[in-house]
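Here is a short report on one protein model. It covers a sheet and its helices, a residue within that sheet, the cysteines and a helix pair.

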Amino acid sequence: MSYDNYTYDIERLVSMCGIMGYTGCSQATGILLKGLKALEYRGYDSAGISVFHNDFNECLTAKCKGRVDALKNKTDDLKGNTGIGHTRWATHGSVSDENSHPHKFGRVTLVHNGIIENYETLKNTLNVAHRLKSQTDSEVACALIDRCFNGNPRQAIIDAVKKLEGTYAFAVMFDTVPNTIYAVRNVSPIVCCKDDDGAYIASDIMAIGDYSDEYFVLPEFSVAEITKDGFDVTDFEGNKIDVKYQRLDWDIKSNSKCGYPFYMEKEIMEQPEVIEKTITTRLKDGVPDFSKDYVDDDIFKKCKSISIVACGTAMHSGLIGKQLIENNCSIPVTVHMASEFIYSSPIIDDNTLVICVSQSGETIDTLEALKYAKSQGALTLSIVNVRGSSISRESDNVIYTDAGPEIAVASTKAYTTQVAVFYLITARLAYVRGMLNFEGVTSFTRELQKIPGAVKNILDRRGEIHFLSGAMLSAEHTFMIGRGIDYPALLEASLKLKEISYVHSEAFASGELKHGTIALITQGTPVIALMTQQYLASKQMSNIKEVQSRGAEVIAFIRSSLDTDELDSTFVLPDLDDEFMPIPAVVALQLLAYYVSSDKGLDVDKPRNLAKVVTVE
């Protein structure tokens, strides 16, 4: 047994749906329900469990749309020591009891994360449409495994998955193989651990971390046979795999709200600490140093252009990175939406550094973009928050953020640590390419190290932001305006407001207002204005007056050295140099979004229709 001793950040080996499995000496139902509850924060619309009943020699299932609490009332008859469970995020088929997992076909019961792209073809080939009870691709996969089963469950799974196109993590039980679970995966993760009571699998260590601080990630394209005694893992040729155990070096029981009403507020409040950790652990004599990340300077010296690839919040961090790198390093930088990257004929070659950014390291669009970039000969560097994740394994170089566990669906501290890493990359790039000398780079990092204190100053005055948020409670629409590097910061702020408060919000570069958007400004329209850039302050003030003259109600977030008496509703931001203002500004606007959502009585941590990690295209 080998161990790899490094921090496992809960953010994360997960997918949109949740998988839980247990086999051992205890009743499985309670353990499965507890695990599914731990996975609730990922977002889901239905839940179910199946337990092998020793008296009946078959798997019995209870499932329903809605929350795990509703499922509990349906599980009284599920008695047994082995079972699998699932929380579903609807992809194929509507939200219904029938489409909920687990699915059973013939002798096979399974739960599935991922997308089977050729399920319609398989359904026709198997001629099973008339027997299916759901609209899901997962039940078709279940039927395929049953069709391949001739007494050898491991071989049935191998034969079946070889016919599948798409991504999957399966936990499978067979009526004829008592008290045994089988697991296999492609992209979608499965983590495994055991204790004296039995063996556990899940899509997220949050579900099983209570049972052991040692776990392993099931290798792709291998099959695990799981009994109460442990795991037997082989590749598709039948060769035994010596799995690599990792240590969970934080107490999963301490991952609570710590007295805060929502995880999001707790995670916002943790940002000074995690930003400081991300920065200071990578400074040596005031110079950014990635030697502990095993990132060699050659990738910075060789590249002639940079492409940043990411989705959503991670892409917004990349937009900040673009401005920082271009301003300080004179290297052209392009930011791509990961979902469009492969299909837009990107211009990359062996002189391109492709930087992929993902909170979880499992975002499927970003992963596929990374694989494409490597196929074109590009240098690759990833910024992720999970060691051992798919993107970290695929990338040539990895820089891990130190955000730690992030439970709320809307990202806060993961974003700010990603931006912190871009500051470090910028400074290292400029230094090794001669754009900054020692005095220049240490001056840069001294200003960078002021960010945690600036963030703490904002958090200490969060009551002021709470007061300003009252003006947004009845708003249906709002606009955010800013110039220079304030604009990409507002894109993230606008996303936060949309995600958790359901207020329609759009961010615009202020100078673009007159090119159409100003037609939407009417009496009483709330406009959030960000003004942190010294060299653009006069122009931004002109734009603020422009919307005020049309009746807009302006809420301004202004750097202290630019403060003015001309605006009524204002939050004053701590003063840093221009290019270091995005993190403090976004933290203030995270709080604004948080207070709007919580004061409206919404579930801040679990906004509707959203999941924490997107592992389907």
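Helix 13 (residues 413-432) lies across strand 18, strand 20, strand 21 and strand 22. Helix 13 runs at about 145° to strand 21. The model is predicted. A second helix, helix 9 (residues 312-329), lies across strand 18 (305-310), strand 19 and strand 20. Helix 9 runs at about 170° to strand 19.

**The sheet**

These strands belong to an open sheet of five, in the order 19-18-20-21-22, with parallel pairing. Strand 19 (333-337) and strand 22 (397-400) are the edges, each pairing on one side only. From one strand to the next, the twist averages 20°.

How many bridges join strand 20 to strand 21? Six bridges do so, between residues 352-358 and residues 379-384, and the two strands run parallel. Strand 18 and strand 20 also pair in the parallel sense, over five bridges. Some of the facing residues are listed here.

| Residue | Stands opposite | Strand of the opposite residue |
|---|---|---|
| L353 | L379 | strand 21 |
| V354 | T380 | strand 21 |
| I308 | I355 | strand 20 |

Is strand 20 enclosed or open to the outside? Seven of its seven residues are buried, so strand 20 is largely enclosed by the rest of the structure. The side chains split between two directions. T352, V354, C356 and S358 point one way from strand 20. L353, I355 and V357 point the other way. All of these residues are buried.

**I308 in strand 18**

I308 has its place in strand 18. Its relative accessibility is 0%, so I308 counts as buried. Which residues does I308 touch, leaving aside those up to four places away in sequence? They are G318, G321, K322, V333, T334, V335, H336, I355, V357 and F422. Several can be placed in the elements above. V333, T334, V335 and H336 fall within strand 19 (333-337). I355 and V357 are in strand 20. G318, G321 and K322 lie within helix 9 (residues 312-329), and F422 lies within helix 13 (residues 413-432). For scale, I308 and N186 are 25 Å apart in space, C-alpha to C-alpha. In sequence, I308 and N186 are 122 residues apart.

**Cysteines**

A search of the whole structure finds zero disulfides. Why does C25 form no bond? Its closest cysteine sulfur, in C193, is 15 Å from the sulfur of C25, which is too far for a bond. A disulfide needs the two sulfur atoms within 2.5 Å. C59 fails the same test: its sulfur is 9.8 Å from the closest cysteine sulfur, in C142, again too far for a bond. C59 counts as buried because its relative accessibility is 3%, and the cut-off for buried is under 20%.

**A helix pair**

Two packed helices are described by the angle between their axes and the distance between the axes. Helix 17 (residues 486-501) and helix 19 (residues 582-599) pack at an angle of about 15°, with their axes 9 Å apart. Helix 17 and helix 19 are therefore roughly parallel to each other. The crossing of helix 17 past helix 19 is right-handed.

Which residues meet between helix 17 and helix 19? Helix 17 contributes A489, L490, E492, A493, K496, L497, I500 and S501. Helix 19 contributes P582, V586, L589, A593, Y594, V596 and S597.

Note on methods:
Residues are numbered from 1 along each chain as its sequence is written. This is a predicted model: local features need pLDDT of at least 70, side-chain atom pairs count only at pLDDT 80 or more; totals for chains, interfaces and linings use all residues. Side-chain values use heavy atoms; hydrogens and water are left out. Two strands pair if DSSP finds at least two bridges between them. Helices (H or I, at least four residues) and strands (E, at least two) are DSSP runs, numbered from the N terminus. Axes are lines fitted to C-alpha atoms, for helices over the stretch in contact, and angles run from 0 to 180 degrees between N-to-C directions. Contact means heavy atoms within 4.5 Å. Buried means under 20% relative accessible area, exposed over 50%, partly exposed in between (1.4 Å probe, protein chains only). Angles under 35 degrees count as roughly parallel, over 145 as roughly antiparallel, 65 to 115 as roughly perpendicular and the rest as oblique. A crossing is left-handed if the near helix is turned anticlockwise from the far one by less than a right angle, and right-handed if clockwise.
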